[in-house]
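User: I am a first-year student and would like a close look at a single part of this model. Please describe the enclosed spaces inside it, and then the strands that build up the surrounding structure.

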Amino acid sequence: MTGIVLYSILILLLLIGCLLTASGLLLAAACVALVTPLVSFLLVRSRARWVTLTFEAANITEKNRELPVVLKATSAGPIPRGKLRVVLEIANQLTGETTELVRDMRDSLTFNVASAYAGEIRITVKEARLYDWFGFFSKKLTTLPRKKILVMPATFPMQVADRRTLTNQDDVKEYAPDRKGQDVSETFQVREYVPGDSIRSIHWKLSGKMQKLYVRDASYPVDHSLLVVCDRAEACSSPACADALLEAVTSAARALADEGLAFTLVWQDETIHTLEVTDGSQLPEAAGLLLKAARPGEGSSLWQAYTAAYGQANAGRVLYFAENMPVDVPEGPLFRVFVAGTTDEDTGDGPVIFSPEGMGETLRSIE
């Protein structure tokens, strides 16, 4: 606005000078002053599509560490361009925290990003405008960049109290009572044949006796593997609790890997995800996947979705870490629930509640 006012005053003074002095030089200057903004307008309209914005920054950082981020602008052609005004949105996928910045720049803009909480930081250029030399006119850029930065969770020491409680030591094979499988050594059920059934599953002896085809469904052996579940809420209860949940899960994963215990990591966004973790080298990948996951949809239940997909008896031992108290999970010594909250409470066989401040002591061992 200031530029327009000054420009208007300049034109007015030039015109007054022309009227009072009849100077050809002042008249030429007035004409140039009148034409220049039009030329500038045409240039900014044509050059906007040739301006490219790119981010430069590390992909991974730590909590509470300032990470420099550079936004660079490049353009083709020898003609210098005007300033750029950019609107930046910096959002943490895990906690939902969002910050907006409005900055002016020429060739580059440097700013620092830091987060007290783990998560995937997404830096998005929501809007970018290229201005003409005088700041009178602007044109939006159509191609806007995005940068993703992982803020890794910190871990704390956690011990496995007795590894035998986390693994199946029984040699007796068990089978799921609620689903069929592929173990032909044990029969799940015998039923009438339906089109599409394998010929190999036909119970020939019974079929001959009953004068109609029957098939034998194989049983599904119970998998006594260890599950580590990360159950995030639909909405972030608090940034500190969301961060504490990720730290607890990654610390437990580290402790299990250090003991040589393989486990399956389970989490949910729009769908159920699983990752088989057999050694510590997979932990960075596991942490990255958890940090990138969006929050689940409204009304979704992680454990219900998991059992619908894999069956109730798909694991013999479950370490269930949740942001809110789950209401649809089994009870018993083989299913331990850990809930991120504002206090610390260990009720023995019941849920363990841990706070961001006291989780190092409350979760010092798992069993």
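Analyst: In this predicted model, the count comes to 2 cavities of 30 Å³ or more. Such spaces can be found on a computer: rolling a probe the size of a water molecule over the atoms shows where empty space is left. The second largest cavity holds about 40 Å³ of space.

Which residues line the second largest cavity? Its lining consists of T61, E62, R65, L67, V113, A114, S115, I121, I149 and V151. Sorted by class, this lining has 6 nonpolar, 2 polar and 2 charged residues. Two strands, strand 2 (60–62) and strand 9 (146–152), each supply at least two residues of the lining.

The strands may now be taken in turn, beginning with an open sheet. Three strands form this sheet in the order 1-3-6, and their pairing is antiparallel. At its edges are strand 1 (51–56) and strand 6 (108–113), each of which pairs on one side only. From one strand to the next, the twist averages 20°. Within this sheet, strand 3 (residues 67–75) and strand 6 are joined in the antiparallel sense over 6 bridges. Here V69 stands opposite F111, a residue of strand 6. The cavity can be related to these strands by residue number: L67, one of the lining residues, falls in strand 3 (residues 67–75), and V113, also in the lining, falls in strand 6 (108–113).

A further group of pairings centres on strand 4. Is strand 4 largely enclosed or largely open? In strand 4 (residues 84–92), 7 of the 9 residues are buried, so this strand is largely enclosed by the rest of the structure. Buried here means under 20% relative accessible area.

Strand 4 pairs with strand 5 (residues 98–105) in the antiparallel sense over 8 bridges. An example from this pairing is E89, whose bridge partner in strand 5 is E100. The two strands form a hairpin with 5 residues between them, and in this hairpin G96 takes a positive phi near 85°.

Strand 4 also pairs with strand 7 (residues 119–131), again in the antiparallel sense, over 9 bridges. In this case R85 has R129 of strand 7 as its bridge partner. Strand 7 (residues 119–131) also leads back to the cavity, as its range includes I121, one of the residues lining the second largest cavity.

Note on methods:
Residues are numbered from 1 along each chain as its sequence is written. This is a predicted model: local features need pLDDT of at least 70, side-chain atom pairs count only at pLDDT 80 or more; totals for chains, interfaces and linings use all residues. Side-chain values use heavy atoms; hydrogens and water are left out. Buried means under 20% relative accessible area, exposed over 50%, partly exposed in between (1.4 Å probe, protein chains only). Helices (H or I, at least four residues) and strands (E, at least two) are DSSP runs, numbered from the N terminus. Two strands pair if DSSP finds at least two bridges between them. On a 1 Å grid over the protein atoms alone, a cavity is a set of points where a 1.4 Å probe fits but cannot get out, and a pocket is an open set with protein on both sides within 12 Å along at least five of seven lines; lining residues have an atom within 4 Å of a point. Grid points are joined across faces, edges and corners, and a volume is the space filled by probe spheres set on the points. Ala, Val, Leu, Ile, Met, Phe, Trp, Tyr, Cys and Pro count as nonpolar, Asp, Glu, Lys and Arg as charged, and the others, Gly among them, as polar. Axes are lines fitted to C-alpha atoms, for helices over the stretch in contact, and angles run from 0 to 180 degrees between N-to-C directions.
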